[in-house]
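User: I would like to go through this structure with you and ask, for each term you use, what justifies it.

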Amino acid sequence: MNKTTLFVLALGALVGVTTTASAEPRRLSSLHDDVAVRHRRLLVSGRFEVAPLFESSIDADYQHTVGGGLKLEYHLGDMFSIGVVGVGSTSLHTSLVDKIVTTLPDAPNMTKDPSKDQFLDHLNSMPFHSAAYVSLTPWYGKLAAFSQAYVAFDFYFQAGVTFAMLKSSCPPTVCSDTHPGTSVMSGGDTIPPDNDPKNDPPLNDGQRVGLYLGGGIHVFLSDFLALDLTVRDYAFSDNPSGADFNADQFVGTSQTLGDDNRFLHHLFFGAGLSIMFPTTVKRTP
Amino acid sequence: MRTLRHRSRSALIVALALVASTAFADNKKGGAKPPAGGTKPAGGAGGGGKGSGSGGESGEIEMDSDAGKGSGSAKPAGGGSGVDSGEIQMDEDQNKPGDLSADLAADQGNVAVKTGEVKKTPISWKDIIVVIRKPFLKVRRTELYPMVGTTMNDNMIRHETIGGEFAYYLTDVLAIGVEGQYYVHTFAEPFDLVARQARRLPTVNQYNWSTALDFHYVPVYGKFAVLDHKLITWEAYFTAGIGVGQSEVVPRDKAFPGFTNLLIEPNLGANMRFFLAKWLTVNLGIRDYLFIDKYEPTNRSATMNATATEAQSHADSAFVNNIMFQIGLSFWLPTSFDYTTFR
């Protein structure tokens, strides 16, 4: 065996050892693949959640929407759940509306200013809105308040579809235009559009279907009671003022300028009390 | 004498066992479960180490490989004390400065070791409160908080801000700080719609800048797990302050000049802080700036309120809640901290 052979064998052995050493997996702590929390109370997994709630709109333009409702949710596991929420509500004028109305004339005049009734009767309200959604709860934990109260909480995010009922009630005496934006034949004469959107029907009532997004927090007061705080976005086609939005001189759909209704976000803040069923909880290993 | 001799013999056996265990201590992975009466490493409870010493029938103590770290003594990795010296080691952290996750992992690694019989005492176990130490200390540290913000409650004019705050923590829950913000504005959809649909020109003010002296109080802290794996600590704190700011009238008619107002602005806020490292946090929160602002008078013409001074003297006043959402990164100085209490 000459020196070359010995060198090749030694090199091969070295490479082999090196390869073996590098092939060994890096030694990790036994906690590396462990869950973050052991013996954790499964506060939502496999439980049915019923939450009476209060909801109020955030930064509404013309009408605040304030109401109460119910959330029903079933937690398929620790992270995923499905649910529905429905809210019946009433509407209150925003301060913007109050400021505008005080400056408007009582009755229609020859100017382009709307009368008080024309302005107010075009506004719509939202007597009912709801959503069906799937929910993801990626974060859970516990907190200490004033170093005294230790409570569990979780953050969740929701996405789904929304269904809303809009209402506007403009009487024929105010919304008197029967052919907004179009010409009609009457007795052999053509009556052109009046180009006055103030007396057009607002076309902002009825049912709407759109997208729903939400995010919130459960703060568990006990094993089966939780404070539920949520910000919800019900997004659908709407024209809250009921007036001409696209400057085509009438309320409706224009071939070139589109519809006065447009896709709008309706932000709400909700606070509820979640009741979990069954009322007892299980623990993780 | 008999009793003394018996004790002497027992002490000899224990000493031999300790010597043998010290000699045979090895990096064996996955030590056996600690049987009743097993030997507990001194200082283990206080140290919160990952390792658990266990005495087998042969008297051999198996050390967890992660805890052993090649040492022959029964010293927990998380710190604590060496058996021989009996000293309590305060600087047990082997983590790199700023490694918050390593500290958290160490806290989670505490393994209760049952060591022998438990004597019943009049004190209930419920009287013993186990609290891990806070993973983040703020006392005598300075927070540099660059932030951005946006209006939450104005449907006519939206302000975005860029600013920052210096806060010094007198204790772990109390801080005093100075903030400053610069505002830029855009008009929201109703600003144009009101003018076009209701034929009314809105009266709005823009905000230019603000500064305040703030006090922070941190009553709530906690931790949460992300996707059941990563632990993140957080806290909630409240803010109250007093400051000044400047608003400026946006003239309805550009032919007439606007004017500025110096505002006294108390503020209230609630915020959350998420700890990413010993020197870095993410902050977000809501702040309500309260002030009485002066707006452009309704009637302005060539003969009435034509000048800025005249218009300001006849300005309409209104109380304003300017609610802002703010978010930013906080940088902490010094970049690390030392504990003064046991883990």
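Analyst: In this model, 28 residues of chain A are in contact with 29 residues of chain B, where a contact means that the C-beta atoms of two residues, placed from the backbone, lie within 7 Å. The model is a predicted one, in which local features need pLDDT of at least 70 and side-chain atom pairs count only at pLDDT 80 or more, whereas totals for chains, interfaces and linings use all residues. Residues are numbered from 1 along each chain as its sequence is written, and chains are lettered from A in the order in which they are written.

User: Which elements of chain A each supply at least two residues of the side that touches chain B?

Analyst: Helix H2 (95-101) and strand E5 (125-145) of chain A each do so, and E5(A) gives the largest share, 8 residues. Helices (H or I, at least four residues) and strands (E, at least two) are DSSP runs, numbered from the N terminus.

User: How do the residues of that side of chain A divide into nonpolar, polar and charged?

Analyst: They comprise 17 nonpolar, 5 polar and 6 charged residues; Ala, Val, Leu, Ile, Met, Phe, Trp, Tyr, Cys and Pro count as nonpolar, Asp, Glu, Lys and Arg as charged, and the others, Gly among them, as polar.

User: What makes E5(A) and strand E8 of chain B a pair?

Analyst: Two strands pair if DSSP finds at least two bridges between them, and 7 bridges join E5(A) to E8(B) (residues 204-226), with the strands running antiparallel. A:Ala145 stands opposite B:Val220 in E8(B).

User: Which strands of chain B pair with E12(B)?

Analyst: Strand E5 (residues 142-151) of chain B pairs with E12(B) (residues 316-333) in the antiparallel sense over 8 bridges, and B:Gly149 stands opposite B:Gln326 there. Strand E11 (residues 280-295) of chain B is also antiparallel to E12(B), over 16 bridges, with B:Ile292 opposite B:Phe319.

User: Why is B:Tyr237 called buried?

Analyst: A residue is buried if 20 or more other C-beta atoms lie within 10 Å of its own, exposed if 12 or fewer, and partly exposed in between, with C-beta atoms placed from the backbone. B:Tyr237 has 21 other C-beta atoms within 10 Å, and is therefore buried. Buried residues make up 31% of the 343 residues in chain B.

User: Where does B:Tyr237 lie, and which residues does it touch, not counting those up to four places away in sequence?

Analyst: B:Tyr237 lies in strand E9 (residues 230-250) of chain B, and with that exclusion B:Tyr237 touches B:His216, B:Tyr217, B:Val218, B:Asn271 and B:Arg273.
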